[in-house]
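User: Please take a close look at a single residue in this model, and then explain step by step how its surroundings fit into the chains as a whole. I am in my first year, so please explain each term when it comes up.

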Amino acid sequence: MKREKGVYGKLFISTLKLSAGTFGGGFVIVPLMREKFVTELRWIDEQEMLDLIAIAESSPGAIAVNASILVGYHVAGCLGALLAVLGTVLPPLVIISVISGFYGVVRDNAIVNTAMTCMLAGVAAVICDVVLTMGAGVLRERRLLYPAIMVLSFIAVRFLNVNIIAVILVCAAIGAADTVLRRHGGQIHRKAVRRP
Amino acid sequence: MIYAQLLWSFFQIGLFSIGGGYASMPLIQHQVMDVHPWLTMTQFADIMTIAEMTPGPIAINAATFVGIRVAGIPGAVVATAGCVLPSCCIVMALAYVYYRYRGLDTVKGILAALRPAVVAMIASAGISLVILAFYGQRTLPKDLGGINYISVALFGVSLFVLRRFRVKPIYVMVGAGALGTLASLFI
């Protein structure tokens with residue numbers, strides 16, 4: 001692929017701006033990235049971008065970071081991926097560093113303290129909202145396996161103090177075993193076709 | 001030594017938070033409160049509040065905040081690098097695999113089984129935050145009477161507004177902060 005002049009600088013500045021101006025995490029930044037790289041800069045075509053987003057959302061780590069790695073790599077190779085990650089990570093790094101500088105002083109202020117406590121009630125509500133929406137999605141699944149995993153994981157983490165990472169690994173193993181069993185049962189066919 | 005601990009802790013957070021955003025919250029809580037004595041529950045709740053109000057992924061915000069408190073600016077850089085490192089390796093590898101063998105059933109099966117577990121973990125961490133908001137401590141006290149009624153009211157109104165009108169989280173939080181502060185001045 002022929003790289004246009006100044007692509008590295010443009011890539012870095014684009015990801016920097018996207019990261020600095022986006023509140024609300026991965027699911028907000030992804031459509032904005034699509035807007036920037038597909039519609040505005042025309043570096044990636046629509047279908048490719050959808051594939052990249054699917055990979056970003058199903059990989060571990062922050063979705064915004066994953067998406068910028070993929071876009072950067074697609075546009076300008078390994079150096080591109082590195083620059084895109086730097087651009088995505090720098091704004092929160094700088095902003096939080098500055099905030100934590102006067103966090104200690106401000107936190108002891110009575111009014112700030114009250115405001116933080118009240119905002120926490122708001123944050124707790126936001127998280128409950130997320131859980132309700134995601135939980136309802138799981139309960140709507142046709143197969144009983146998924147609600148069962150949800151309930152058992154909750155009991156394990158909340159009441160039995162099982163290590164979170166252990167729960168994740170066990171559930172991943174269940175998912176893999178389930179796929180293998182269903183394949184043997186003929187419920188899914190091998191669709192993966194090796195590309196030429 | 002402290003740098004190695006920061007790097008390893010946030011490497012694990014980066015490696016095991018699947019689904020982005022809130023999925024990293026229980027892992028961060030586990031690493032910075034249970035495994036290492038880096039933050040108190042109040043500080044953890046503060047960083048979640050700050051992370052919601054500032055741009056950038058929650059995990060990166062938390063890494064910076066914890067890193068800088070534990071080991072200054074270099075600590076922040078190390079923690080952030082640790083958080084991003086697993087993504088860099090895994091995303092690249094997955095992209096390669098994906099382009100060669102599109103639509104891997106096993107990968108899909110694993111992800112489908114992980115999603116309910118992630119919801120359960122977010123729910124558990126969310127309950128801790130609700131208890132903290134209502135009682136000012138991480139676990140339920142023996143005497144349930146010492147509840148903060150302003151917080152309960154703000155929580156109720158926030159949840160209603162979020163579910164009913166799909167208001168953006170940032171407005172809900174700032175609104176809760178402003179309303180609660182005003183209310184506490186007059187009560």
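Analyst: A close look at one residue

When its neighbours within four places in sequence are left aside, B:Leu159 is in contact with A:Ala125, A:Cys128 and A:Asp129, where contact means that the C-beta atoms of two residues, placed from the backbone, lie within 7 Å. The model is a predicted one, in which local features need pLDDT of at least 70 and side-chain atom pairs count only at pLDDT 80 or more, while totals for chains, interfaces and linings use all residues. Residues are numbered from 1 along each chain as its sequence is written, and chains are lettered from A and ligands numbered from 1 in the order in which they are written.

B:Leu159 belongs to helix 6 of chain B; helices (H or I, at least four residues) and strands (E, at least two) are DSSP runs, numbered from the N terminus. Is this residue buried or exposed? B:Leu159 counts as buried because 20 other C-beta atoms lie within 10 Å, and the definition asks for 20 or more other C-beta atoms within 10 Å of a residue's own, with 12 or fewer for exposed and the range in between for partly exposed. Along the chain B:Leu159 and B:Met53 are 106 residues apart, and their C-alpha atoms are separated by 18 Å.

The next step is to look at chain B itself. Its secondary structure comes to seven helices and zero strands, and its C-alpha atoms fill a box of roughly 65 × 40 × 35 Å, taken along the principal axes. Of the 187 residues in chain B, 52% are buried, and of its contacts with a separation of 6 or more, 56% join residues 24 or more positions apart. Chain B is assigned domain 1 (2–141) and domain 2 (148–187), with bounds that come from an automatic or database domain assignment. The C-alpha centres of these two domains of chain B lie 26 Å apart, and seven residues of domain 1 of chain B are in contact with seven residues of domain 2 of chain B. On the domain 1 side, helix 3 and helix 5 of chain B each supply at least two residues, and this side divides into four nonpolar residues, two polar and one charged. In this division Ala, Val, Leu, Ile, Met, Phe, Trp, Tyr, Cys and Pro count as nonpolar, Asp, Glu, Lys and Arg as charged, and the others, Gly among them, as polar.

Chain A can be described in the same terms. It has seven helices and zero strands, and 40% of its 196 residues count as buried. Its two domains are domain 1 (7–107) and domain 2 (141–184), and their C-alpha centres lie 31 Å apart.

From here the view can widen to the meeting of the two chains, where 89 residues of chain B are in contact with 79 residues of chain A. Helix 6 (149–165) of chain B is one of the helices that each supply at least two residues of the side of chain B that touches chain A, although the largest share of that side, 23 residues, comes from helix 5 of chain B. That side as a whole divides into 56 nonpolar, 25 polar and eight charged residues.

Helix 5 (residues 105–135) of chain B also packs against helix 6 (residues 145–158) of chain A, for their axes come within 8 Å and cross at roughly 40°. Such axes are lines fitted to C-alpha atoms, for helices over the stretch in contact, and the angles run from 0 to 180 degrees between N-to-C directions. Among the residues that meet here are A:Ile149 and A:Phe154 in helix 6 of chain A, and B:Pro116 and B:Ala120 in helix 5 of chain B. The residues of this contact divide into 15 nonpolar, two polar and one charged.

Finally, the largest nonpolar core has 116 residues, and those with the most contacts inside it include A:Ala67, A:Leu120 and B:Ala117; such a core is a set of buried Ala, Val, Leu, Ile, Met, Phe, Trp, Tyr and Cys residues joined through C-beta atoms within 7 Å. Helix 4 of chain B gives the most to this core, with 18 residues.
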